[in-house]
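Q: I'd like a close look at one part of this model, with a bit of its surroundings thrown in. Could you walk me through it?

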Amino acid sequence: GRIVQQGHVGLGPGGVGRPQEGADLGYQLFSLVTIDGRSGSGKTQLAGALHDRHVDAQIVHLDDLYRDWDGLSAGLVRARHIAEQWSRHNASTYLPTHWPGTAARGRVTVTPDRPLIVEGVGATWVGRSLAHAALWLEAERETRKRRALERDGETFVPYWLAWELQEDAWFAAHPPRPDALVRVPDDPIRG
């Protein structure tokens, strides 16, 4: 299934895609959505498009929770705690990772009174049993690598292969459930 049809991005009571004709777009369109896929597949871009459509949503970028280039598993455990707190109607906070070449940021608060988008490698696991929708983005390896290196610049070059091996190990141990996912092909924003 595609998530973009004729320029509309959103999640409604019928699932991913366009709301039913005549639907009232003033209601809360989604609660917890996860956007998963390998590095460079377009997760952050899609999360941004959803946020543009639903500005009250909060986004947890898993890149903010991986503490270093070897921190995939530990970052996902931190993210799961945030998602669980949100689902129990509790606020939680985290200090985003200060990656080289980026500005340091202050503590982020995730509140339970607003929808939540969790995006990043392993997001499906973070939202298991909590998410109202789980999206999996796919793109060819070379496309993903090009995008990731364009996005992160020279900082990511020495870590690409090591990160890819972490992704391989994570998804081998924790495969996303295909029946619980909407698979989104390459370049979902441009359709």
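In E10, which residue is the bridge partner of Thr-34?

A: Keep in mind that this is a predicted model. The partner you're after is Ala-134, which sits across from Thr-34 as its bridge partner in E10. That pair belongs with a wider pairing: strand E5, residues 32-37, is joined to E10 by five bridges, and the two run parallel.

Now for E10 itself, which spans residues 133-137. The strand is mostly covered, with five of its five residues buried. Ala-134 shares one side with Trp-136, while Ala-133, Leu-135 and Leu-137 are on the other, and both faces are covered.

Moving on to the pockets, the largest one has a volume of about 660 Å³. Its lining takes in 31 residues, and those closest to the centre are Thr-44, Asp-63, Ala-148, Arg-151 and Asp-152. Two elements give two or more residues to that lining, helix H1 (43-53) and helix H4 (141-152). H4 gives the most, with five residues. By character, the lining of the largest pocket splits into 12 polar, 10 nonpolar and nine charged residues.

One more spot to click on is Gln-166, found in helix H5 (residues 160-173). Gln-166 counts as buried because its relative accessible area is 17%, and the cut-off for buried is under 20%. The side chain of Gln-166 reaches the backbone nitrogen of Leu-72 at 3.3 Å. Leaving out residues up to four places away in sequence, Gln-166 touches Trp-69, Asp-70 and Gly-71 as well as Leu-72.

Note on methods: Residues are numbered from 1 along each chain as its sequence is written. This is a predicted model: local features need pLDDT of at least 70, side-chain atom pairs count only at pLDDT 80 or more; totals for chains, interfaces and linings use all residues. Side-chain values use heavy atoms; hydrogens and water are left out. Helices (H or I, at least four residues) and strands (E, at least two) are DSSP runs, numbered from the N terminus. Buried means under 20% relative accessible area, exposed over 50%, partly exposed in between (1.4 Å probe, protein chains only). A polar contact is a pair of N or O atoms within 3.5 Å; within protein, one must be able to donate a hydrogen and the other to accept it, and residues adjacent in sequence count only if both atoms are side-chain atoms. Contact means heavy atoms within 4.5 Å. Two strands pair if DSSP finds at least two bridges between them. On a 1 Å grid over the protein atoms alone, a cavity is a set of points where a 1.4 Å probe fits but cannot get out, and a pocket is an open set with protein on both sides within 12 Å along at least five of seven lines; lining residues have an atom within 4 Å of a point. Grid points are joined across faces, edges and corners, and a volume is the space filled by probe spheres set on the points. Ala, Val, Leu, Ile, Met, Phe, Trp, Tyr, Cys and Pro count as nonpolar, Asp, Glu, Lys and Arg as charged, and the others, Gly among them, as polar.
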